[in-house]
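Here's a quick briefing for anyone opening this structure for the first time. Have a look at the model, then read on for the core, the pocket, the cysteines and a few single residues.

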Amino acid sequence: MTTGDIAPVERDELPQVLEIETASFKYPWKKALFLEELKSPQAFFFAVKIKNSDQRHRVCAYICVRAAAAEIEILKIAVAPAWRRRGLGRSLIQWCEQLARQKKIDNIFLEVRPSNRAAIHFYHQMGFALIGKRPHYYPETGEDALIMQKKLRERS
């Protein structure tokens, strides 16, 4: 497993994020959506950054989450193709769990396309369970969204 530093995404790193986003999703977010997340006080936008040979950091993976009330929603998570299957996605989910615990949040939610079998398998491995779906959620295709949840603790 290769790990790097997990740190906030800086505005000047958005081109690297957009490169990963475009390589990872058929319908990628536009720059404006990422800029909104950088400005939002409820958003946490972090990346795994690896030092390259000239000692500059390179964004290899990122996660964008929103915290509200007693839950966190993962809006985006992606790993650059060259860095996949090295534990970076797992590290970002674990970072998200740590953030949730620090904020005394009990649940993490996400939405995923039913056609994204690799992601669904990964989320199951990370302890997420399927709890429902949103019909016709994705406007580009009309595909449903599967809603997955990870309970960090039961409310008493």
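How many residues does the largest nonpolar core have, and which of them make the most contacts inside it? Keep in mind that this is a predicted model. The core has 33 residues, and the ones with the most contacts inside it are I63, V65, I72, I74, Y123 and F128.

**The nonpolar cores**

- Plenty of elements chip in to the largest core: β2 (43–51), β3 (57–68), β4, α3, β5, α4 and β7 (145–151) each bring at least two residues.
- The largest share comes from α3, which puts in seven residues.
- Apart from this core sits another one, made of 14 residues, with V17, F34, V59 and A78 among them.
- For a look at one of the well-connected residues, try V65: leaving aside neighbours within four places in sequence, V65 is in contact with Q42, A43, F44, I72, E73, I74, L75, W95, C96 and L99.
- Two of those partners, I72 and I74, are also on the list of residues with the most contacts inside the largest core.

**The largest pocket**

- The largest pocket holds about 1,400 Å³ of space.
- Its lining takes in 38 residues, and F25, I77, N116, A119 and Y123 are the ones nearest the centre.
- Y123 turns up twice in this briefing, since this residue lines the pocket nearest its centre and is also listed among those with the most contacts inside the largest core.
- Which elements supply at least two lining residues each? They are β4 (71–79), α3 (88–102), β5 (107–112) and α4 (117–125).
- β4 gives the most to this lining, with seven residues.
- By type, the lining splits into 19 nonpolar, eight polar and 11 charged residues.

**The cysteines**

- Search the whole structure for disulfides and you'll find zero.
- Why does C60 not form a bond with the closest cysteine sulfur? That sulfur, in C64, is 18 Å from the sulfur of C60, so the two are too far apart for a bond.
- C96 has a similar story: the closest cysteine sulfur is again in C64, and at 10 Å the gap is too far for a bond.
- C60 counts as buried because its relative accessibility is 0%.
- C96 counts as buried too, at 1% relative accessibility.

**A few single residues**

- Q102 lies in helix α3. Is Q102 buried or exposed? Its relative accessible area is 55%, so Q102 is exposed.
- Q102 and S115 are 13 residues apart in sequence, and their C-alpha atoms are 33 Å apart in space.
- E143 has its place in the loop between β6 (129–134) and β7. With a relative accessibility of 19%, E143 counts as buried, because the cut-off is under 20%.
- Not counting residues up to four places away in sequence, E143 touches R113, P114, S115, H136, Y137 and Y138.
- E10 is in the loop between β1 (5–8) and α1 (14–24). This residue is partly exposed, with a relative accessible area of 43%.
- E10 and F45 are 35 residues apart along the chain, and 8.9 Å separates their C-alpha atoms.

Terms used:
Residues are numbered from 1 along each chain as its sequence is written. This is a predicted model: local features need pLDDT of at least 70, side-chain atom pairs count only at pLDDT 80 or more; totals for chains, interfaces and linings use all residues. Side-chain values use heavy atoms; hydrogens and water are left out. On a 1 Å grid over the protein atoms alone, a cavity is a set of points where a 1.4 Å probe fits but cannot get out, and a pocket is an open set with protein on both sides within 12 Å along at least five of seven lines; lining residues have an atom within 4 Å of a point. Grid points are joined across faces, edges and corners, and a volume is the space filled by probe spheres set on the points. Helices (H or I, at least four residues) and strands (E, at least two) are DSSP runs, numbered from the N terminus. Ala, Val, Leu, Ile, Met, Phe, Trp, Tyr, Cys and Pro count as nonpolar, Asp, Glu, Lys and Arg as charged, and the others, Gly among them, as polar. A nonpolar core is a set of buried Ala, Val, Leu, Ile, Met, Phe, Trp, Tyr and Cys residues joined through side-chain atoms within 4.5 Å. Buried means under 20% relative accessible area, exposed over 50%, partly exposed in between (1.4 Å probe, protein chains only). Contact means heavy atoms within 4.5 Å. A disulfide is a pair of cysteine sulfur atoms within 2.5 Å.
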